[in-house]
Amino acid sequence: QVQLVESGGGLVQPGGSLRLSCEASGRLFTIYAMGWYRQAPGNERELVARITRDDRLDYADSVKGRFTISRDNAKNTVNLQMNSLKPEDTAVYYCNAVVPMEASSPALYWGQGTQVTVSS
């Protein structure tokens, strides 16, 4: 089992910055990848950024060059630095962890979600 607790988020003006953090606990050695997804009203949940155990990075095209995902192993956290925020970045952001499973689909763990609102 893996538990994820998010922090950060809030209200910011267009062009501003926010930093999200996700602290993981539990069977950390089983985690293959951690990342951030977001879901805006009426939309499906989408991948924002992900970092794997071997430091491979993936970003949604819409956030490349503006968002940076990083990992702090000492604190068991994954951070998402969001710069040059746009109103279309407004969504609930969810932390995610992927744990491979033998002979079945990977187990997915989710945080509770944190609201990010970009508005003037």
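Good morning. I begin with Cys-95, which at 0% relative accessibility counts as buried, where buried means under 20% relative accessible area, exposed means over 50%, and partly exposed lies in between (1.4 Å probe, protein chains only). Before going further, I should say that this is a predicted model, in which local features need pLDDT of at least 70 and side-chain atom pairs count only at pLDDT 80 or more, while totals for chains, interfaces and linings use all residues. Residues are numbered from 1 along each chain as its sequence is written, and side-chain values use heavy atoms, with hydrogens and water left out.

Which residue is the disulfide partner of Cys-95? The partner is Cys-22, and the two sulfur atoms are 2.0 Å apart; a disulfide here is a pair of cysteine sulfur atoms within 2.5 Å. The count by this rule is one disulfide. The link is left-handed, with -85° about the S-S bond. Cys-22 belongs to strand 3 (residues 18–26) and Cys-95 to strand 9, so the bond ties together parts that are 73 residues apart in sequence. Strands are DSSP runs of E with at least two residues, helices are runs of H or I with at least four, and both are numbered from the N terminus. Cys-22 is also buried, at 0% relative accessibility.

I turn now to the aromatic residues. How many aromatic pairs does a search of the whole structure find? The search finds two, on the rule that rings of Phe, Tyr and Trp (its six-membered ring) pair if their centres lie within 6.5 Å, with planes under 30 degrees apart counted as stacked, over 60 as edge-to-face and the rest as tilted. One pair is Tyr-37 with Trp-110, edge-to-face at 5.1 Å centre to centre and 75° between the planes. Since Tyr-37 is in strand 4 and Trp-110 in strand 10 (residues 104–110), this pair ties together parts 73 residues apart in sequence. Tyr-37 is buried at 18% relative accessibility, whereas Trp-110 is partly exposed at 34%.

The other pair is Tyr-94 with Trp-110: the ring centres are 6.5 Å apart and the planes stand at 90°, so this pair is edge-to-face. It links Tyr-94 in strand 9 (residues 91–101) to Trp-110 in strand 10, 16 residues apart. Tyr-94 is buried, with a relative accessible area of 15%. Tyr-37, Tyr-94 and Trp-110 thus make up one aromatic cluster.

Arg-45 joins this picture. Its charged end sits over the ring of Tyr-94, 3.7 Å from the ring centre, and over the ring of Trp-110, 4.6 Å from that centre. A charge sits over a ring if NZ of Lys or CZ of Arg is within 6 Å of the ring centre and within 35 degrees of the ring normal.

Finally, I mention one loop residue. Where is Ser-84? Ser-84 is in the loop between strand 8 and strand 9, and at 40% relative accessibility it counts as partly exposed. Ser-84 and Gly-65 are 19 residues apart in sequence, and their C-alpha atoms are 9.3 Å apart in space.

To close, I return to the disulfide of Cys-22 and Cys-95 and to the aromatic cluster of Tyr-37, Tyr-94 and Trp-110. Strand 9 holds Cys-95 and also Tyr-94. Thank you for your attention.
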